[in-house]
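This tutorial dialogue is about reading strands, sheets and burial from a structural model. Please keep the sequence and the structure in view while reading.

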Amino acid sequence: TVNPLPTASVSGTATICSGDTAVDFTFTGTPNAEVTYNIDGGSNTTITLSGTGSATLTASNTATSTVNLVSVENTTTTCSQNVSGSATVTVNPLPTASVSGTATICSGDTAVDFTFTGTPNAEVTYNIDGGSNTTITLSGTGSATLTASNTATSTVNLVSVENTTTTC
């Protein structure tokens, strides 16, 4: 009797933002087979496929991780083989933003600037004194300035920040 070699593959390559709902790596192959894999080249671990030939492993939602297939064994027939394949979940960091520029001036004095700093090229949403939201884009070095009024007290409130490259 010649038994077929078991098979296994992994899928789930995705890109998410840090803290998003974690995604699953999905293993598929010979039903009930034992798949040996590692994460980021670390220690080998096994997962057993279901009777329908699948299993899932939840990826980290805080750090990029790659699942690498090593081997697969049909524990019923003891047939095994090395397998290759990988899937990577890339976790992009959340963008940051802050604003500074608190100052007291006399009406008509030279206006001071509010300085936004944070993730380079991020889009920062803010409002002045609780008014309508407005956006400003940080430079490639992560800064932008907004000149304050020199006739009325103004407060800049940060609302949100988005890295338009990663959509985080």
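The turns below take up two sheets and then one residue of this predicted model.

Q: In what order do the strands of the sheet containing strand 12 lie, and how do they pair?
A: Two strands count as paired if at least two bridges are found between them. Here, three strands form an open sheet in the order 13-12-15, and the pairing is antiparallel. Strand 13 (134–137) and strand 15 (156–162) are at the edges; each has a single partner strand, so one side of each lacks a neighbour in the sheet. From one strand to the next, the twist averages 30°.

Q: How many bridges link strand 12 and strand 15?
A: Strand 12, residues 123–128, pairs with strand 15 over 6 bridges in the antiparallel sense. E123, for instance, has E162 in strand 15 as its bridge partner.

Q: Which strands are the edge strands in the sheet with the order 1-3-6?
A: That sheet is also open, with 3 strands in antiparallel pairing. Its edge strands are strand 1 (8–11) and strand 6 (54–58), each of which pairs on one side only. Neighbouring strands are turned by 20° against each other on average, direction ignored. Strand 1 is joined to strand 3 (residues 24–29) by 4 bridges, and S11 stands opposite T26 in strand 3.

Q: Is N92 buried or exposed?
A: A residue is called buried when its relative accessible area is under 20%. N92 has a value of 14%, so N92 is buried. N92 belongs to strand 9, which covers residues 86–92.

Q: Which residues does N92 touch, leaving aside those up to four places away in sequence?
A: N92 touches T15, I16, C17, S18, T166 and C168.

Conventions:
Residues numbered from 1 in each chain as written. Predicted model: local features only at pLDDT ≥ 70, side-chain atom pairs only at ≥ 80, totals over all residues. Heavy atoms only, no water. Helix = DSSP H or I, 4+ residues; strand = E, 2+ residues; numbered from the N terminus. Buried < 20%, exposed > 50% of the residue type's maximum accessible area, 1.4 Å probe, protein only. Contact = heavy atoms within 4.5 Å. Axes fitted to C-alpha atoms, helices over the stretch in contact; angles between N-to-C directions.
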